[in-house]
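Colleague: Before accepting the terms used for this model, I should like to hear the grounds for each of them. May we take them in turn?

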Amino acid sequence: MAAIEYHAVPGDEAASRIEEYRALYAEVYGEPPYEWGAEHADLFVERFAVQRRQEGFALVEARHKAQLVGLGFGVTLLPSTPWWRNLVTPLPESMTTERPGRTWALVELLVRAPWRRRHVARTIHDLLLTGRPEERATLTVLPAATPAVAAYRKWGWRQVGEKRNPLPGAPVFAVMVRGLGE
Ligand SMILES: CC(C)(COP(=O)(O)OP(=O)(O)OC[C@H]1O[C@@H](n2cnc3c(N)ncnc32)[C@H](O)[C@@H]1OP(=O)(O)O)[C@@H](O)C(=O)NCCC(=O)NCCS
């Protein structure tokens with residue numbers, strides 16, 4: 001079987017692949033526990049148009065032959081970031097104060113179901129995080145996404161809080177942090 005190949009893709013090139021990324025997103029997040037529909041996929045595309053131009057944008061694709069099997073990307077948080085808003089319980093300022101270049105946010109990490117448990121996510125994750133100049137990385141994860149939570153714990157992430165978008169019925173997400181250079 002051909003090996004899985006990993007490529008870093010710059011933001012402008014990533015823009016030209018947005019339909020392929022949208023299809024991957026819709027497929028993976030259409031599954032439980034998410035079961036998100038087209039609205040979420042549209043929002044993903046809308047946000048991606050901004051994120052791909054942001055400071056510190058980095059994206060890694062995993063492909064088997066030509067087929068996209070996984071994807072991960074993130075951006076550096078700006079000091080004005082809303083990242084630490086909408087916390088369920090307040091966190092100390094030492095955690096939530098951003099300085100230029102303090103924190104890199106892992107925005108997405110997803111692997112097509114038939115390709116799971118082969119360390120595709122681990123490889124994407126490590127390629128994204130290794131050598132980054134920021135002090136720390138952060139992400140949010142739905143606690144019901146048990147494979148993701150298990151993976152992040154194994155990779156040295158710790159939960160520091162919870163947040164919820166101020167929309168009726170919005171789910172609570174765990175906020176996790178990991179030092180970089182670990
Ligand atoms: C989370 C996800 C990206 C993991 O992808 P993956 O390529 O299967 O992950 P890996 O093979 O690198 O797994 C790394 C470790 O995570 C843990 N893990 C992954 N899936 C697991 C599962 N189903 N049950 C228990 N532990 C699991 C294991 O510790 C695993 O290491 P091991 O196989 O050596 O025991 C994938 O399940 C996925 O796309 N889920 C849906 C999208 C999602 O929730 N993304 C995270 C958004 S924040």
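Modeller: Certainly. Strand 2 and strand 3 run antiparallel and are joined by seven bridges. Please bear in mind that the model is predicted.

Colleague: How do you know that strand 2 and strand 3 count as paired?

Modeller: The criterion asks for at least two bridges between two strands. Strand 2 and strand 3 have seven, so they count as paired. Within this pair, L59 stands opposite F73 in strand 3. The hairpin has two residues between the strands, and K65 takes a positive phi near 55 degrees there.

Colleague: How many bridges support the pairing of strand 1 with strand 2?

Modeller: Five bridges, in the antiparallel sense. H7 stands opposite E61 in strand 2. Strand 6 and strand 7 (residues 172–179) also run antiparallel, with six bridges, and K163 is placed opposite F173 in strand 7.

Colleague: In what order do the seven strands of the open sheet lie?

Modeller: The order is 1-2-3-4-5-7-6, with mixed pairing.

Colleague: Why are strand 1 and strand 6 said to stand at the edges?

Modeller: Strand 1 (4–8) and strand 6 (158–164) each have a single partner strand, so one side of each is left without a neighbour in the sheet. On average, neighbouring strands of this sheet are turned by 25 degrees against each other, direction ignored.

Colleague: Which helix packs on the sheet, and which strands does it touch?

Modeller: Helix 5 (residues 120–129) does, touching strand 1, strand 2 (58–64), strand 3 (67–76), strand 4 (103–111) and strand 5 (136–141). The direction of helix 5 makes about 35 degrees with that of strand 3.

Colleague: Why are helix 2 and helix 3 called oblique to each other?

Modeller: The axes of helix 2 (residues 18–29) and helix 3 (residues 38–51) cross at roughly 140 degrees and come within 9 Å. Roughly antiparallel would require an angle over 145, and roughly perpendicular one of 65 to 115. Helix 2 and helix 3 are therefore oblique. Their crossing is right-handed. Helix 2 makes the contact through I18, R22, Y25, A26 and Y29, and helix 3 through H40, A41, F44, V45 and F48. By class, this contact has eight nonpolar, one polar and one charged residues.

Colleague: Which residues come nearest to the ligand?

Modeller: Of the 19 residues around the ligand, they are R116, A121, R122, P147 and A151. Strand 4, helix 5, strand 5 and helix 6 (146–154) give two or more residues each to this shell.

Colleague: What makes helix 6 stand out in the shell around the ligand?

Modeller: Helix 6 gives the most, with five residues. By class, the shell has 13 nonpolar, one polar and five charged residues.

Terms used. Residues numbered from 1 in each chain as written. Predicted model: local features only at pLDDT ≥ 70, side-chain atom pairs only at ≥ 80, totals over all residues. Helix = DSSP H or I, 4+ residues; strand = E, 2+ residues; numbered from the N terminus. Axes fitted to C-alpha atoms, helices over the stretch in contact; angles between N-to-C directions. Contact = placed C-beta atoms within 7 Å. Parallel < 35°, antiparallel > 145°, perpendicular 65-115°, else oblique. Left-handed = near helix turned anticlockwise from the far one by under 90°. Nonpolar A, V, L, I, M, F, W, Y, C, P; charged D, E, K, R; others polar. Near = placed C-beta within 6 Å.
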